[in-house]
Amino acid sequence: MTINIVIPFKPFPQGKTRLASNGINSEEIILLQKRLLQKNVQIVSEAIPSASIHILTTDRSLAEKYMPSSTMHRLVMSDRYPQETLGKQLEAFLQTKTWENAIVLVSDLSNLLARTIKAVYSLLSIYDGVVVPTADQGTGILGLRKKGFLHLDHFGNKSAGRFVSKWEDENFLVAEFHQIPVLLDIDNLADLNHAKEKGYL
């Protein structure tokens, strides 16, 4: 089974505004975003070497600067990013594709493990959708078959449970996978400090 990985990415100052409001300077935020994006792309590439990685971005020219030239051949940059919710942005992008499945991965995960990506990939051979929650019950990773491409507008606070509930309402066969240690995405200063304390950064 071939797989497409979609990583939504908002380069600063479009993204990570909460870190800026917490007093983190722009240089540190940009370095953090670059480190996390490159790290997660590398983990995905190692976990599933045949995966096609697509960076879904609000600013193609800026996002390209976050990736080293040695890995650019593994990326397909996309400017299809309407000014709507993340779920609607993903729906708009996926509707242009003829793919049978996809894995959506948020770009700011600080402790993603290769075995988690492998598990989601494996579960997609059985389930219509796979949800991997973050520590704050947000959504870190989504695995989905084509039937789910129009059912993604559930991101936000405690969105992992919302995806499971909404997808089950659509009669999807859904798996919830929990990484150990739990996935940590960096939204604010507390997340950043926690990631540093745990040695994730």
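Which residue in β2 is the bridge partner of V6? The views below come from a predicted model, and the first of them holds the answer.

**View 1. Strands β1 and β2 run side by side in parallel.** Here we zoom in on β1, residues 4-9, and β2, residues 52-57. Six bridges join the two strands. Pick out V6 and look across to β2: its bridge partner there is H54. As for β2 itself, five of its six residues are buried, so the strand is largely enclosed by the rest of the structure. If you're following side chains along a strand, remember that in a regular one they alternate between the two faces of the sheet.

**View 2. K196 and E28 form a salt bridge between two helices.** The structure holds five salt bridges, and this close-up shows one of them, with the closest N and O atoms of K196 and E28 3.3 Å apart. The pair links distant parts of the chain: K196 belongs to helix α7 (residues 189-198), E28 belongs to helix α2 (residues 26-47), and 168 residues separate them. Both ends are partly exposed, K196 with a relative accessible area of 43% and E28 at 31%. The background is simple enough: side chains of opposite charge can pair when their charged atoms come close.

**View 3. D128, R145 and K147 make up a network of salt bridges.** D128 is the shared partner here, bridging to R145 and to K147. The closest N and O atoms are 3.6 Å apart in the D128 and R145 pair, and the K147 and D128 pair also comes out at 3.6 Å. D128 sits in the loop between α5 (114-123) and β5 (129-133), while R145 is in strand β6 (residues 139-145), 17 residues away in sequence. K147 lies in the loop between β6 and α6 (159-169), so its bridge to D128 ties together parts that are 19 residues apart in sequence.

How buried or exposed is each member of this trio? D128 has a relative accessibility of 11%, and because the cut-off for buried is under 20%, D128 counts as buried. R145, at 25%, counts as partly exposed. K147 is partly exposed too, at 44%.

**View 4. T139 makes polar contacts from a buried spot in β6.** T139 is found in strand β6, the strand that also holds R145 from the previous view. With a relative accessible area of 7%, T139 is buried. Its side chain and that of S159 are joined by a polar contact of 2.7 Å. The T139 side chain also reaches the backbone nitrogen of A160, at 3.3 Å.

**View 5. One cavity of 30 Å³ or more turns up in the structure.** Its volume is about 30 Å³. Which residues line this cavity? The lining is made of F9, K16, Q33, L36, L37, S107 and D108. Helix α2 gives the largest share of that lining, with three residues. Sorted by class, the lining has three nonpolar, two polar and two charged residues. Helix α2 should look familiar, since E28 of the K196 salt bridge is in it.

How values were computed:
Residues are numbered from 1 along each chain as its sequence is written. This is a predicted model: local features need pLDDT of at least 70, side-chain atom pairs count only at pLDDT 80 or more; totals for chains, interfaces and linings use all residues. Side-chain values use heavy atoms; hydrogens and water are left out. A salt bridge is a side-chain nitrogen of Lys or Arg within 4 Å of a carboxyl oxygen of Asp or Glu. Helices (H or I, at least four residues) and strands (E, at least two) are DSSP runs, numbered from the N terminus. Buried means under 20% relative accessible area, exposed over 50%, partly exposed in between (1.4 Å probe, protein chains only). Two strands pair if DSSP finds at least two bridges between them. On a 1 Å grid over the protein atoms alone, a cavity is a set of points where a 1.4 Å probe fits but cannot get out, and a pocket is an open set with protein on both sides within 12 Å along at least five of seven lines; lining residues have an atom within 4 Å of a point. Grid points are joined across faces, edges and corners, and a volume is the space filled by probe spheres set on the points. Ala, Val, Leu, Ile, Met, Phe, Trp, Tyr, Cys and Pro count as nonpolar, Asp, Glu, Lys and Arg as charged, and the others, Gly among them, as polar. A polar contact is a pair of N or O atoms within 3.5 Å; within protein, one must be able to donate a hydrogen and the other to accept it, and residues adjacent in sequence count only if both atoms are side-chain atoms.
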